[in-house]
Amino acid sequence: MRGKIHSYLLYPDMELAQEAGYEQKDELIKDLNLKVIFQAASRPVWKAGDSLKAVEKEDFYIYDTVKRLMLVPVLGREALRYRQEVVKSALEHPELIKHLYETGQRAEKLLAQAGIRGKEQRVRTGAGSGEVLGTYELLCGFVGLLKEIKLILEAEEGLSAGNGLFDLRMRLRENYDDDFAAGLDVILADMEFFTKGGKSSFLVGVGAGMKFDCIALHKIRSASSPAGDPKAVSVGSILRHMFKAGTVAMTEEAVVREAKQFETEAFRAVLAWLMPFFEELAEFFDAFRVHAAFLLGCVQLAERMKSIGLSFSFPSVREKGETGIRFAGLYEPGMAILMRIHPVSNALDADGCRLFVVTGANQGGKSTYLRSLGIAQIMMQCGMFVPAARFEGCLYRNIFTHFTRREDQSMNSGRLDEELRRMDGIVRHVTRDSLVLLNESFATTTEKEGSVIAMELVSALYEGGVTVGMVTHLLAFARKLYAGREESMVFLSAQRREDGTRTYRMVEQAPENTSFGLDLYEELIGG
Amino acid sequence: MRVPAMRKGRGFWKFHMENEGGLCYNVPVGNEERPQIIEWGFVMEQENLWLLGYPEEFYEKAVLAPGFFVDLNMDQVVAQIMAERREYDLRKYFNRMPEDFSVTKKRQETLRVLSDTELFDRLVRFSDHMQCARGYAADYQAAERELCRQKFLLDCGVQYALAVSVLSEVFSAIRQKTDGFDGKTLEAGGFLGAFAKKAGSYTEGEEYRDFCRDTESLSGEFGNMRFRVEFAGARMRVVPADGEETGDYFDTLRALFPENEKEGRVVRGQLENPFGAKKEVGELEFFVLTACQKKYPDSFLRLRGYEQKHSVQKRRELTVQMREKGLSAQVRVPGFFAEWVLVFEQQLQVYLAVELFMRKVRKLGYPLTYAVFDREGKEDTGKNPVEFDGAYDLALLLKQGSGKTPVVCNDAYYAGRERFLVVTGPNQGGKTTFARSLGQIVYLAKMGFAAPCSYAGMPYFSGLVTHFSVEESLETGRGKLKEELTRLAPMMNEKQGKCFVILNELFTTAATYDAYIMGKRVMEHFIGQDCFGVYVTHIQELADGKEEGKACTEVQAARIVSMAACVDERDSHIRTYRIVRRAPEGVGYAYALVEKYHLTYPELKERLAGVLRDN
């Protein structure tokens, strides 16, 4: 029996994940400034002389797809490896991905022409002669595109085994083999009897009240079909056929009309047989379009980063049950893409750590550091490369961010209220395998109160098994935490040289009592 | 013989007897054009048998449900029972209770026989064929083209013959199960046993056998007809197929998509008739048939003969509308229907519906039992003359289904000279539900159906009287009291014989003392009539016959039993919905007021639950 035609480019065993992904997507996008990444992924890069340039306007389909898929983590180690392999392969064959994406877009266009938006609407169609014809045309279009995809994949040389693209090629060879394709083409051609004229014959019995009963479809042949009955090729043979015994002309209009209805029924019944296959194709294209768009997004993001001279690598995932993180050359890609510079990078070796507390000088790069961690984690969890020379981390089902919002930095009780409400939202959804990134939380109240709140919250989260990364000014809190520190806690500070200059690097260090605001004061106002 | 597909959802048929022995069927007409009345020609039988114990006239005027239906939520239960056979209109059969003990007893027997699934399934099949046959009979009347009309008569005959043959299978099965065909067997088979003899003589009669022979051979001829129709442009070709041509385009599709069938997808192997919605043949079909007629002249000739032999000319009463349509008073109707089969079919549905319903309730894990009446042979069971064990509210059970909280079962009995159960206790404690469940048992037991309890023993009550206060009524004070008394008066004045009486919260708007006196007198009246009853009330003094010494004697006091709704022993806010024999709980006056206005803690919780959930 013929197996199903699946796309399965992004998952080894399914088209798209059923889970909704991270709980608080909007917060993540806002706090980690992911828009820049989405934009970079959705703007095609082209060569202008020696340098690469990005088109100013993004492709919204890619933008939406990258946005959607980046925020749904791939949680199994094997599944993530599968995703990484296909992304790697995509980076090796950028032209192939572009072709596949364009083919997928044409499927989208076909659906739009048929006036079908969304899956529900597609399933609902099938009644009424006009819609039946629409479905038939859509099916023909899909079959055409499927053939094209098969050709594109077959034409690509050097596609290495062990990734989704290679698997798709094998699947098409097996589940859409030449015999099946030819058989399907014959049926689709036969069905033209309805649209372009031809012959249809039925076997009929007598039922209740002399109505037709037990109607079987005997034959259908398109008049223009060369693949059909050789006897029916010429017009002459059709005419000859007609003047056989028992042939009558349908003179009454009502009879002709009903005969047409009869043919419609035959057409519909044949189409009904094809509907499961149509569904299969429609589902394939639904997924394929998205997969191709995501892969093209990865390709374009990589090209963009390369054009600025940013390096990236594929991360490795730690075994289940292990905690901690190790990386080198980690930078914040959003800022780098925006400012077109190679930013300061950081390294850390924090095996088994679950609590990261960052303190230190203002303008020392603390927030950027926290953001780079979050972005790398998200990119890793969707199977992408990460903005680091080396990265090794765990997988988190959920990532939460709690950043102080600059736009509302007035200090009043309403703000703490708002902050706590956001925190309540996090606590409501947080699970053991979550990563919570806190940036300057509870800075909207006094240090004393803030420290108490933070202490309770952070210890509760930490004791609950949650991984917490925190940038804080609340030194009382940080020092207290440091005093009772455990092995799985790491304390970092913005590096400050003896002369007071900042390197924007984070180093392991006990929280100190000053935020080096004085440095800043001296630099800007002078002694 | 090829059987046409079953025709479902044909609507229900009402009928009544006519003087000259014709049955009139009123066919409810949807949007279709159909004659309003169809008459049947048949020979009136000498002896009439009724599966429900009474002829159709008995139920004819029972358009309205009895007064206690709504009070007992019996309307909900009956609606569910009727839903089991929604093709028929059975309402009238539930609206009247049997008046003879023997009928009730025989109904019980009949239902016991039907619990045999094989027998039951056969009777459902019989009904299906009958519905089909009646549908074709209507089509026979309505069809305009002669050719189709004749065929409808044949189709009708085929279905009728099938129905009768299934029915005789049923009777022979009953015969096999019991030894002989004596009086004992008849008793054992309930009403069904009585029909067995009749069915035997009917099917062996020469007239019926002749009809069967004709029907079978002719329907075989038409069933085997097969021809090929080809379309090409504006031309068409019709040739007899004679079974030689077997080419099927679906075979091609099947070969290409074998998974379609293996995965159990709904894929048709046949075409549907695009004109299937219309009962009559369309232009194209007629065009083809005319061509066919020339090829099978014999069969069509014999079909004409069949109609002449097996239909009768009838005169019918024309309504104004029918006259306007220009319909003739002379009409041909199928001549082969036997009246007893038609009535049997209708009344049978009540049993089928009840049996299906019982299966559903038993599946939920609740017992249904046939009542034991005190007229039956007195075996000493150690039970009181009136006793209900494990009684539960069937309507409540249907509403809650199986998943949620279980429905509580309660016991009740009347020992010696006890006549009234006075039920007191907190609101929402299950008092009304308890009273309802007893009423349901009495009704269902008298109907001859199984009742919602594990044991029911009772005298053969002549009727059921209920009086529930109408809570929705906007009237208060004197207005409401007057309304209650107006409803109560006819119940007390009529001579009802030995009734079962359910009184629920009488005179709530009157002063407590007045209500007490009035309640006492109402009870005394019913006790004087030798009735049994339940009285649900807040007035605890009513439960204690002795308290107001002058109002009643010692003897009367012994006739009143106090029962109370229980609360959880540890937390008085938790209701257990158990009603047990005991003196009323003396709660404080203030709390009683709170309860009266539904302001206790659990009630408030319940009332506010909807509001709190939104936050």
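In chain B, strand 8 (residues 372-373) runs parallel to strand 12, and 2 bridges join them. Pairing here requires that DSSP finds at least two bridges between the strands. Helices and strands are DSSP runs, helices being H or I over at least four residues and strands E over at least two, numbered from the N terminus. Phe373(B) has Met458(B) as its bridge partner in strand 12 of chain B.

Before I go on, a word on the source. This is a predicted model, where local features need pLDDT of at least 70 and side-chain atom pairs count only at pLDDT 80 or more, while totals for chains, interfaces and linings use all residues. Residues are numbered from 1 along each chain as its sequence is written, and chains are lettered from A and ligands numbered from 1 in the order in which they are written.

Back to strand 12 of chain B. Strand 9 (residues 386-391) of chain B is also joined to strand 12 of chain B, by 3 bridges, and these two run antiparallel. There, Asp389(B) is bridged to Tyr455(B). In a regular strand the side chains alternate between the two faces of the sheet. Which residues of strand 12 (residues 455-458) of chain B point to the buried face? Ala456(B) and Met458(B) point to one face and are buried, whereas Tyr455(B) and Gly457(B) point to the other and are not. A residue counts as buried if 20 or more other C-beta atoms lie within 10 Å of its own, as exposed if 12 or fewer do, and as partly exposed in between, with C-beta atoms placed from the backbone.

Now the chains as wholes. Chain A has 18 helices and 15 strands, and 42% of its 527 residues are buried. Chain B has 23 helices and 17 strands, and 37% of its 615 residues count as buried. For contacts, the rule is that two C-beta atoms, placed from the backbone, lie within 7 Å. Taking contacts in chain A between residues at least 6 apart in sequence, 73% join residues at least 24 apart. In chain B, 71% of contacts between residues at least 6 apart in sequence join residues at least 24 apart.

Next, the sheet in chain A. An open sheet of 6 strands has the order 11-12-13-9-14-15, with mixed pairing. Its edge strands are strand 11 (398-403) and strand 15 (502-508) of chain A, each of which pairs on one side only. On average, neighbouring strands of this sheet are turned by 15 degrees against each other, direction ignored. Inside the order, strand 9 (residues 355-359) and strand 13 (residues 467-471) of chain A run parallel and are joined by 4 bridges. Val357(A) has Met470(A) as its bridge partner in strand 13 of chain A.

On to the interface. How many residues of chain A are in contact with chain B? The count is 54 residues of chain A, in contact with 58 residues of chain B. On the side of chain A that touches chain B, the elements that each supply at least two residues include helix 9 (178-190), strand 3 (198-206) and helix 12 (253-308). Helix 12 of chain A gives the most, with 17 residues. By class, that side of chain A has 33 nonpolar, 12 polar and 9 charged residues. The nonpolar class is Ala, Val, Leu, Ile, Met, Phe, Trp, Tyr, Cys and Pro; the charged class is Asp, Glu, Lys and Arg; the others, Gly among them, are polar. Strand 3 of chain A also pairs across the chains, in the antiparallel sense, with strand 4 (residues 226-232) of chain B over 7 bridges. One example is Ser200(A), whose bridge partner in strand 4 of chain B is Phe231(B).

Last, one helix pair. In chain B, the axes of helix 10 (residues 206-224) and helix 14 (residues 297-310) come within 11 Å and cross at roughly 150 degrees. Axes are lines fitted to C-alpha atoms, for helices over the stretch in contact, and angles run from 0 to 180 degrees between N-to-C directions. Helix 10 and helix 14 of chain B are therefore roughly antiparallel to each other; the classes are roughly parallel under 35 degrees, roughly antiparallel over 145, roughly perpendicular from 65 to 115, and oblique for the rest. Residues making the contact include Phe211(B) and Leu218(B) of helix 10 of chain B, and Arg302(B) and Tyr306(B) of helix 14 of chain B. The contact residues divide into 5 nonpolar, 2 polar and 4 charged.
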